[in-house]
Amino acid sequence: MKAAVVFEKGSLPQYADFPEPETIQENEILVSVKAASIKNLDKARAGGNHYSTENETHQPKIIGSDGVGYLENGNKVYFFSKKGTVAEKAVADKKIMVPIPEELDFSIAAALPNAVMGSAMALKFKAGLQPGNTVLINGATGITGRIAVQIAKLYGARKIIVTGRNEESLQALRELGADEVVSLKQEDHDFKQKIKEIHRQIPIDVVLDYIWGHSVEMILSAFKGDGTFSHKTKLVTIGGMSGDTIQLSSQILRGTDIQISGSGLGSWTKEESTLLFTEIIPEMYQAAVEGKIKIETEEVDIKNIETVWNAEIQSGKRLVIRI
C-alpha cells in the first residue's frame, strides 16, 4: 500500500510503498483511511522529539496519530492509532473510535478532534468550567485557540477574553465568540494593567494558556494579591510556544487564590479519556454539523507530503492530508 513514511530519524516523510498492516489483537480493526490531519504532535513524534517517543528505537514508520475513513461495513469513523495513520490502510483500536455523522466532511472530521482534545479536555476536566464563568484564552489565534473560544461559548462562558500577537486574527475571534481582545504586542506594563482592569471588573475564573513563557508571567503578575481575599482562578497550560519555562514568584502563590495545572497526554485519567471518545468528540461533531463549531483546513494530497511537511500553513488552519 501507499503511505507517508519516515525512513530515517529526522528525515522528511516520503510517499512510498509500505507493508499493509495486519490486525493482531482482538480489539483491532482495519480502516480504509480517507484523511488525516497533521499536528505539532505528529511532527514531533515523526522526528523522535516528543516525550512519548523518548524510549523508542527508531524504525521506518508511518506518520500520523489519528485519522478518518471507512470500516469494511461502510461506517464512517474517526480513530486513533499509535501505528501510523497517513496511509491507505491503518489499524485502529475498536475502543477508541468515534462514528462520524454522514453530513460531516472527512476533512473537518479529521481536523477537529485534536483541537477538541487541546481545548475541551482542559475546559471540562482541568478547569471545571461552569456556565457563567469568565475565561481568558492566552495565545488564542492558533487553530486550537480558535476552537477553545467556540467550545467555551458552547459550555456557557459568560465572557471570553483572548490574547495574541496578530491583530487581524485577534479581531476575527470576535466572530467566533470572543468578547474582548488584548494584544500581546503592547508594552508589558500596558498589558498587565489591561489584565488587572479586566480582572477587577469581572473576575477571571479560568485561564487557558497555549503559549506559556513571558505572557504567563505577566498574567500571573496581574493576578497577584495584596493580602486581602482574592478571586479563585484556575490556570491550565496546554502549550509552550513562547518557551517551556517561566519564573514564578512565591508571593504570587501565597497571596493569590490560583491553581495551576496542565492538560495533555498523560495528564488525563482513563475515565476522562474514555469520555473524550464516547461523549465529547461526538458532541463536537454534531456541533460542527449544526454550524456551532467552525474549523478551517488546508487539504493536500498524500503524494505531496514531502513538499508540504515544513511548509508554512496559514494561521488558524489545520493541515489535512487526503488519501
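Analyst: Two strands count as paired if DSSP finds at least two bridges between them. The model discussed here is a predicted one. In it, strand β5 (residues 66–70) and strand β6 (residues 76–80) pair in the antiparallel sense over 5 bridges.

User: Which residue in β6 is the bridge partner of Gly-67?

Analyst: The partner of Gly-67 is Phe-79. The hairpin of β5 and β6 has 5 residues between the strands, and within this hairpin Gly-74 adopts a positive phi near 95°.

User: With which other strand does β5 pair, and over how many bridges?

Analyst: Strand β3 (residues 28–38) pairs with β5 in the antiparallel sense, over 3 bridges. Here Val-68 of β5 is the bridge partner of Ala-35. Strand β5 is also mostly covered, with 4 of its 5 residues buried.

User: How is an open sheet read, and what is the strand order in the one with 3 strands?

Analyst: One follows the pairing from strand to strand. The open sheet of 3 strands runs in the order β2-β1-β4, with antiparallel pairing. Its edge strands, β2 (14–17) and β4 (61–62), each pair on one side only. Strand β1 (residues 2–6) meets β2 over 4 bridges in the antiparallel sense, with Ala-3 opposite Ala-16.

User: How should a pair of aromatic rings be described?

Analyst: Two quantities describe such a pair: the distance of the centres and the angle of the planes. The count in this model is 1 aromatic pair. The ring centres of Tyr-70 and Phe-106 lie 5.2 Å apart and their planes stand at 90°, so the pair is edge-to-face. Because Tyr-70 belongs to strand β5 and Phe-106 to helix α2 (residues 106–117), the pair ties together parts that are 36 residues apart in sequence.

User: Are these two rings buried or partly exposed?

Analyst: The dividing value is 20% relative accessible area, under which a residue is buried. Tyr-70 is partly exposed at 32%, whereas Phe-106 is buried at 8%. Phe-106 also has a charged neighbour: Lys-76 lies over the face of its ring, at 4.8 Å from the ring centre. In another case of this kind, Lys-2 lies over the face of Tyr-15, at 5.4 Å from the ring centre.

User: How many salt bridges does the whole structure hold, and what can be read from individual ones?

Analyst: The search finds 13 salt bridges. For each, one may ask how far apart the atoms are and which parts of the chain are joined. Lys-89 and Glu-20 form one, with their closest N and O atoms 3.6 Å apart. Lys-89 is in strand β7 (residues 89–93) and Glu-20 in the loop between β2 and β3, so this pair ties together parts 69 residues apart in sequence. Both residues are partly exposed, Lys-89 at 29% and Glu-20 at 42%.

User: Which salt bridge involves Arg-146, and where do its two residues lie?

Analyst: Arg-146 forms a salt bridge with Glu-296, the closest N and O atoms being 3.5 Å apart. The pair links distant parts of the chain, 150 residues apart: Arg-146 is in helix α4 (residues 143–154) and Glu-296 in strand β15 (residues 296–301). Arg-146 is buried, at 15%, while Glu-296 is partly exposed, at 40%.

User: Which residues are linked with Lys-39 in a network of salt bridges?

Analyst: The network links Lys-39, Asp-42 and Asp-66. Between Lys-39 and Asp-42 the closest N and O atoms are 2.9 Å apart, and both of these residues are buried.

User: Which residues make the nonpolar surface patch of about 230 Å²?

Analyst: Leu-248, Leu-253 and Ile-260 make this patch. Ile-260 is placed in strand β14 (residues 258–262) and, at 33% relative accessibility, counts as partly exposed.

How values were computed
Residues numbered from 1 in each chain as written. Predicted model: local features only at pLDDT ≥ 70, side-chain atom pairs only at ≥ 80, totals over all residues. Heavy atoms only, no water. Patch = residues over 30% accessible without salt bridge, like charges linked within 9 Å, V, L, I, M, F, W, Y side chains within 5 Å. Areas by Shrake-Rupley, 256 points an atom, 1.4 Å probe, with all protein chains shown as cover. Salt bridge = Lys/Arg side-chain N within 4 Å of Asp/Glu carboxyl O. Buried < 20%, exposed > 50% of the residue type's maximum accessible area, 1.4 Å probe, protein only. Phe/Tyr/Trp six-rings, centres within 6.5 Å; stacked < 30°, edge-to-face > 60°. Lys NZ or Arg CZ within 6 Å of the ring centre and 35° of its normal.
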